[in-house]
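Me: Please take a close look at one part of this model, the disulfide. Then set it beside the other features you can describe.

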Amino acid sequence: MLVLEIIASRLLAPYVGISLETFTGIIGTVLAGIAVGAAVGGRLADRRDPRTMLGPALIVGGVLTWLSVPIVAVLGPLLTDGPLAIVALTTAAFFLPAAALSAVSPMVAKLRLERLDDTGSVVGGLSAAGTIGGLAGTFLTGFVALAALPSRPVLLVVGAALVVAGSVATWALRRRLPSAAVVVVVIVSGLLVASTTSPCQHETAYFCVRIEHDPDNPSGRNLYLDRLRHAYVDLDDPTDLDIRYVRVVRDIVAGMPDGPLEALHIGGGGFTFPRYLGATRPGSRSLVLEIDEELVRLNRDELGLVTSPGLEVRTGDARLALADQPSDSRQLVVGDAFGSTSVPWHLTTAEVVAEIDRILVPDGIYVMNVLDGADSEFARAELATLADRFAHVAIVLPTDGVPGDRAVNQVLVASQAPLPAFDVRSDGRVLRGDEAHDFIGDAMVLTDDFAPVDRLLFP
């Protein structure tokens, strides 16, 4: 069940993203399945011989584990964002396999309980064994399996192991093999999941990745991570910036003094802006902090990334890497890290902003890309967090304003020195000074102790 629970997040990511709400929906659904399965399994174990049900329960759990893949593939594209969509999708795909597998434990307990004097040791032993199995499933899945294989093969193996275990249990307890009808159902289910097309061209430990050719530009490539287009890369022209927020960052940096820059980039994506900086400001040196090593490899293999002393990449969590950066060492820091649709919360807080301030030279600039919509509660809170540390802040909103029904890129700017004049042309509307503080209003300052990014994004 814990293997299924962990893999569920990867299966859902292309359709509903990865957020606190996603994990909440998965955990809640699996817990509901556990409760129902344990109750039903216990009642059945009291009314019928558990020897006749234990093997079939494992086989049914394996088949339903397989079927979660095509269920997500069929229903995922039909659902919209939000908690209700997440709960609906997780319930359709993962409630029944969790319930079927949870029915096994009370059946085993019934078989093991020969005397009332042994009740405590039997129940305690089964609980301990289940917990140890859960730990093994969690560690092997999170640290080994999903780091080496896509989620579908892992789920296929787990379902097959359950079917085999159920067949062995059926033979051991009843000296019978599964019926021909069961064998047919198992084969059809296995073929169904094996033939289900993944929306991912590549699946990393963090993202469902697609790289699509630009039909209007033979050298253009669009990089999609989970549901969103995260980068555009022109293999022949690093100055071709097709995405609006990247052009906004370009225009902000254009207001800085001429010459090469020492830059730190939090989040790699398609490495579009570090390449642009190297092409337009020769001698610039960029260090990119990217958590996903496989994404870096894909950039090298398919998006023309070439690392050099002028463009270095360090893989790992950016929050940890910031502590290793020298003070007063960077003129520019660009924050562009995303976990699906939101900035990871631990990169949004006052504590991380203080680290960035330490790394910047006195007149250095921090530019941060965020996604938000409607009342921009997260963008306002993040700008409040920047204003709590930096003397000067600004935000660039879309020219037509922030829509109420979807999130858009909003670019935040902060510095201890007065911000340079910059012209974002037709790509946005700049709020600075009193306008920026009016935009902040009564927004909260985010801290390591309390940074409810998902709630602010999806009130």
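Reply: The disulfide comes first, then the sheet, a surface patch and one strand residue.

This is a predicted model, in which local features need pLDDT of at least 70, side-chain atom pairs count only at pLDDT 80 or more, and totals for chains, interfaces and linings use all residues. Residues are numbered from 1 along each chain as its sequence is written, and side-chain values use heavy atoms, with hydrogens and water left out.

The structure holds 1 disulfide. The term covers a pair of cysteine sulfur atoms within 2.5 Å. Such a link is a covalent bond between the sulfur atoms of two cysteines. Here Cys200 is joined to Cys208, with an S to S distance of 2.0 Å. The torsion about the S-S bond of Cys200 and Cys208 is about -120°, so this disulfide is left-handed.

Are the two cysteines buried or exposed? Buried means under 20% relative accessible area, exposed means over 50%, and partly exposed lies in between (1.4 Å probe, protein chains only). Cys200 is buried, at 13%. Cys208 is buried too, at 1%.

Next, the sheet. Strands (E, at least two residues) and helices (H or I, at least four) are DSSP runs, numbered from the N terminus. Two strands pair if DSSP finds at least two bridges between them. The open sheet has 8 strands in the order β7-β6-β5-β8-β9-β11-β10-β12, and its pairing is mixed. At the edges are β7 (311-315) and β12 (429-432), each pairing on one side only. Neighbouring strands of this sheet are turned by 15° against each other on average, direction ignored. Those angles use axes fitted as lines to C-alpha atoms, for helices over the stretch in contact, and run from 0 to 180 degrees between N-to-C directions.

Inside this order, β5 (residues 262-266) and β8 (residues 330-335) run parallel and are joined by 4 bridges. Leu264 has Val333 as its bridge partner in β8.

Now the patch. Leu135, Phe139, Leu140, Phe143 and Val144 make a nonpolar surface patch of about 540 Å². Patch residues have over 30% relative accessible area and no salt bridge; nonpolar side chains (Val, Leu, Ile, Met, Phe, Trp, Tyr) are joined within 5 Å, like charges within 9 Å. A salt bridge puts a side-chain nitrogen of Lys or Arg within 4 Å of a carboxyl oxygen of Asp or Glu. Phe139 lies in helix α6 (residues 119-148). Phe139 is partly exposed, at 45% relative accessible area.

Last, Leu223 sits in strand β3 (residues 217-225). Leu223 is buried, at 1%.

How values were computed: Accessible areas come from the Shrake-Rupley method with a 1.4 Å probe; for residues, only the protein chains shown count as cover.
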